[in-house]
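Dear colleague,

I am passing on the structure we spoke of, with the sequence alongside. Please look through it before reading my notes underneath.

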Amino acid sequence: MRPSASATGVRGARKSIEGPPPGCPEPRGRNVTDTQIVQAYADAWTQSIEAVSALVAPLTEGEWNRPTECPGWSVRDVVSHLIAMETELLGDPRPIHTVPSDLRHVVDEFSRYCEVPVDKRRCHTGPEMTAELEYTVIRRSRALRDTRYGPLDEVRWPMGPYARDIPYHQLLRARVFDVWTHEQDLRRALRSPGDLDTAAAVITRDYLIEMLPKAVAKLAGAPAGTTVVFDVSGAQEFMRTVRVDENGRGSVDSLVSLAPSVSLSLDWDSFARLTCGRISPAAADVKVEGDEELAWRILDNLAVTP
């Protein structure tokens with residue numbers, strides 16, 4: 001049986017999380033325990049999911065149908081997805097439902113997996129959606145508070161064809177990333193910007209930085225010896241260099257190359273939207289320096305989330 005995030009009685013972790021975990025609010029030190037790191041993730045999730053709940057509570061029925069930048073999904077659909085993911089983690093059964101065959105954004109097994117609970121809720125009213133979201137937040141918050149999982153205990157990550165067992169702290173970090181990303185989808189659709197500098201945004205930033213070597217070395221096929229500098233401004237300002245070694249493998253660090261093959265400068269909101277597949281490179285305000293052909297190949301492959 002697959003464990004849910006509210007299961008109890010599991011074995012505690014025997015070793016520590018290696019290195020400073022992405023998104024940890026303070027640098028990892030001797031006085032920061034794995035339990036505190038997990039709590040930081042839980043707190044970030046709580047802040048972001050409660051922000052979503054506050055955003056959608058006053059919506060009129062028509063506003064629930066506004067399109068978002070998440071392909072094919074309205075405001076209602078994004079909220080449905082968040083509810084579905086959290087209730088599946090609680091151990092609730094997935095709905096039995098057949099997705100229409102003419103949905104253009106359903107292109108593979110993963111998108112079909114995500115679409116089933118979303119399409120099932122498309123007939124739900126605004127009050128039904130807000131009530132289910134609020135109840136889900138209450139249940140999930142209780143599960144996080146009462147869990148007996150240790151940070152490194154293996155739990156099931158419910159991702160359809162990508163489902164696998166991962167350490168509990170990684171599951172929580174992934175949920176923070178997903179909720180914050182969809183919070184931003186909702187904020188843009190509802191013209192209510194904000195929360196670009198929260199703890200959840202920090203966790204998302206570090207999560208996406210980890211994906212940059214894959215985008216540069218694997219997806220864009222940058223040749224050995226390539227160095228790519230990402231210079232991001234705004235609420236989550238950072239500068240990172242992706243290096244491709246002689247074996248074609250990428251790595252990322254904070255040492256900035258003085259003469260990079262490519263330099264990409266953009267703001268934090270654009271970076272998040274590009275890496276999450278919300279906008280095309282042509283629609284983003286990006287300053288490109290260096291090898292332009294390679295730069296645009298990287299930008300075309302920067303969407304690294306499934």
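What follows covers confidence, strand pairing and internal cavities, in that order.

Please bear in mind that this is a predicted model, with a pLDDT that averages 89 over the protein and reaches at least 70 for 89% of the residues. Two segments call for caution: pLDDT stays under 50 over residues 1-15, although the model has 31 contacts beyond four places in sequence for them, and it also stays under 50 over residues 19-30, for which there are 22 such contacts. Where pLDDT is low, the predicted coordinates should not be read in detail.

As for the strands, β6 (residues 262-267) pairs with β3 (residues 227-233) in the parallel sense over 6 bridges, and Val-232 stands opposite Leu-266 of β6. Strand β6 also pairs with β7 (residues 287-290), here in the antiparallel sense and over 4 bridges, with Val-288 of β7 as the bridge partner of Leu-264.

A search of the whole structure finds 3 cavities of 30 Å³ or more, and the largest has a volume of about 60 Å³. Its lining is made up of Trp-180, Thr-181, Gln-184, Arg-188, Asp-269, Ala-272, Arg-273, Cys-276 and Arg-278. Helices α5 (168-189) and α7 (268-275) each supply at least two residues of that lining, and α5 gives the largest share, 4 residues. By character, the lining of the largest cavity divides into 3 nonpolar, 2 polar and 4 charged residues.

With best wishes

How values were computed. Residues numbered from 1 in each chain as written. Predicted model: local features only at pLDDT ≥ 70, side-chain atom pairs only at ≥ 80, totals over all residues. Heavy atoms only, no water. Pairing = 2+ DSSP bridges. pLDDT = per-residue confidence, 0-100. Contact = heavy atoms within 4.5 Å. 1 Å grid on protein atoms, 1.4 Å probe; cavity = no way out; pocket = protein on both sides within 12 Å on 5 of 7 lines; lining within 4 Å. Points joined across faces, edges and corners; volume = space filled by probe spheres on them. Nonpolar A, V, L, I, M, F, W, Y, C, P; charged D, E, K, R; others polar.
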